[in-house]
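Open the model in your viewer and keep the selection panel at hand. The tour goes from one selection to the next and says what is there.

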Amino acid sequence: MANPPQLTRFYAAPEDMNGLLFTFVLISMGVVATSAAIMIPLNGMVIRSRAQYNPKGLQLDSDEQPRTSSVITSSFAMLVRVRRIEGLSGVYKGLVPALLDMLITIFVGVLWSFLMRSGVSGGQDSPVHRVQNIMMLVSSVFNVLIHLPLMIIINRAVTTRHKLPYFNILYSLRVLFTPTERRRPWVLYQTPGIFASLVLQYAYFILHMKIRPRFLLQDLSGQLPREDFLLGLILFFAFTLASTPVLTPLQVIFLRLSLQRNDAAPESNGISLEEALEGGAAEAVEYFGTGENVISLKIDLEGEPYTGLIDCATKITKEEGWAALYRAWWWTMLTLLALS
């Protein structure tokens with residue numbers, strides 16, 4: 001008598017699942033490491049380019065001249081300058097917070113992509129679509145609250161001329177934050193204009209993500225003719241290009257505001273790093289370079305601090321020209337395309 005046919009297993013054995021999980025973790029770590037090796041230097045290049053203070057005319061009343069830097073008009077020239085003055089460690093400044101920000105961005109991007117696909121498949125009036133909107137709002141609020149102080153850390157770490165150790169977090173925080181900011185971290189959210197600039201960025205980005213499915217996701221099922229899909233693709237790229245001049249100034253403004261340090265006294269907003277350090281801490285700080293800064297910051301040149309979002313945009317335009325608000329616009333465009 002023939003043996004009965006064996007039923008085929010449609011499930012994976014525990015050891016197979018462990019192997020798949022291990023492989024997935026290794027691949028994810030490889031992707032993150034490769035992305036970090038490429039993106040962190042480029043991101044630092046963009047941050048420095050946008051932070052560079054290039055006033056049309058500069059008059060210093062004091063006899064003491066700050067350490068100067070050349071006027072850099074190209075983002076990639078900035079990267080070459082960083083490599084020459086600060087070396088490879090300067091190119092990868094802000095590595096630790098940048099890795100953390102990258103992981104959060106990946107997580108939020110995957111979550112938003114899942115929510116957008118669920119909303120499209122469920123229809124505008126479906127419970128899935130309503131839950132999608134609620135979850136997107138909750139994730140956006142959470143991301144703003146976490147992202148704001150993290151971006152401040154990254155921006156200050158990249159633009160400072162001080163050497164920050166990778167494993168001495170307390171020392172780095174002492175350099176990057178004033179005593180007031182360390183004792184009362186919530187004052188970071190109260191920096192004039194900074195919270196509004198970040199919220200506006202997220203609000204517009206949500207709008208971008210909400211409009212994107214109307215151009216692309218419905219066509220993935222193959223239900224629309226090829227001509228309609230191509231038209232939707234063209235419209236999507238056109239909308240991305242139109243979003244770039246909206247988001248780029250907001251990113252530049254957020255960066256400039258994030259570099260202003262807050263002290264207990266209202267008139268101390270915008271104080272320099274040396275003024276922000278306590279006691280003899282400034283003497284213990286090690287500097288990059290030997291007398292030449294990579295960039296010049298407004299607060300280091302004793303410029304008048306920005307008092308809000310509109311004031312920041314107005315002063316940048318008046319002092320440096322409107323083009324300063326659109327530095328590294330291509331980075332914003334590529335980011336939108338990548339996240340979409």
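Begin with the second largest cavity, which holds about 70 Å³ of space. This is a predicted model, and a search of the whole structure finds two cavities of 30 Å³ or more. Rolling a probe the size of a water molecule over the atoms shows where empty space is left.

To display the lining of the second largest cavity, select Ala-51, Arg-256, Leu-259, Gln-260, Leu-297, Lys-298, Ile-299, Glu-304, Pro-305 and Tyr-306. Colour the selection by class: the lining of this cavity has six nonpolar residues, three charged residues and one polar residue.

Keep Tyr-306 from that lining selected. Where along the chain does Tyr-306 lie? Tyr-306 is in the loop between helix 10 (281-284) and helix 11. Is Tyr-306 buried or exposed? Its relative accessible area is 1%, under the 20% limit, so Tyr-306 counts as buried. Now add Gly-193 and draw a C-alpha to C-alpha distance: Tyr-306 and Gly-193 are 8.8 Å apart in space, with their positions 113 residues apart in sequence.

Zoom out to the whole chain. The secondary structure comes to twelve helices and zero strands, so a cartoon view follows the pattern α-α-α-α-α-α-α-α-α-α-α-α along the sequence. Of the 340 residues of the chain, 43% count as buried. Switch to a surface: the accessible area comes to about 19000 Å², and carbon and sulfur atoms account for 67% of that area. Contacts can be taken next, counting those between residues at least 6 apart in sequence; 81% of them join residues at least 24 apart.

Next come the aromatic rings. A search of the whole structure finds four aromatic pairs. One of them is formed by Tyr-189 and Phe-195, an edge-to-face pair at 6.5 Å centre to centre with 65° between the planes. Both residues of this pair can be coloured by accessibility: Tyr-189 is partly exposed at 28% relative accessibility, and Phe-195 is partly exposed at 33%.

Move to Trp-330 and Trp-331, which also form an edge-to-face aromatic pair, with 5.9 Å centre to centre and 90° between the planes. Trp-331 has a relative accessible area of 12%, which is under 20%, and therefore counts as buried. Add Phe-76 to the selection: Phe-76, Trp-330 and Trp-331 form one aromatic cluster.

From the cluster, step to Ala-328, in the loop between helix 11 (309-320) and helix 12 (329-339). What is phi of Ala-328? Phi is near 55°, a positive value in a residue other than glycine. Ala-328 is also buried, with a relative accessible area of 6%.

The last stop is Lys-163. Select the loop between helix 4 (127-159) and helix 5 (169-176), where Lys-163 is found. With 31% relative accessibility, Lys-163 counts as partly exposed, because that class runs between the 20% and 50% limits. Add Val-175 and draw one more C-alpha to C-alpha distance: Lys-163 and Val-175 are 9.6 Å apart in space and twelve residues apart in sequence.

How values were computed
Residues numbered from 1 in each chain as written. Predicted model: local features only at pLDDT ≥ 70, side-chain atom pairs only at ≥ 80, totals over all residues. Heavy atoms only, no water. Helix = DSSP H or I, 4+ residues; strand = E, 2+ residues; numbered from the N terminus. Buried < 20%, exposed > 50% of the residue type's maximum accessible area, 1.4 Å probe, protein only. Contact = heavy atoms within 4.5 Å. Areas by Shrake-Rupley, 256 points an atom, 1.4 Å probe, with all protein chains shown as cover. 1 Å grid on protein atoms, 1.4 Å probe; cavity = no way out; pocket = protein on both sides within 12 Å on 5 of 7 lines; lining within 4 Å. Points joined across faces, edges and corners; volume = space filled by probe spheres on them. Nonpolar A, V, L, I, M, F, W, Y, C, P; charged D, E, K, R; others polar. Phe/Tyr/Trp six-rings, centres within 6.5 Å; stacked < 30°, edge-to-face > 60°.
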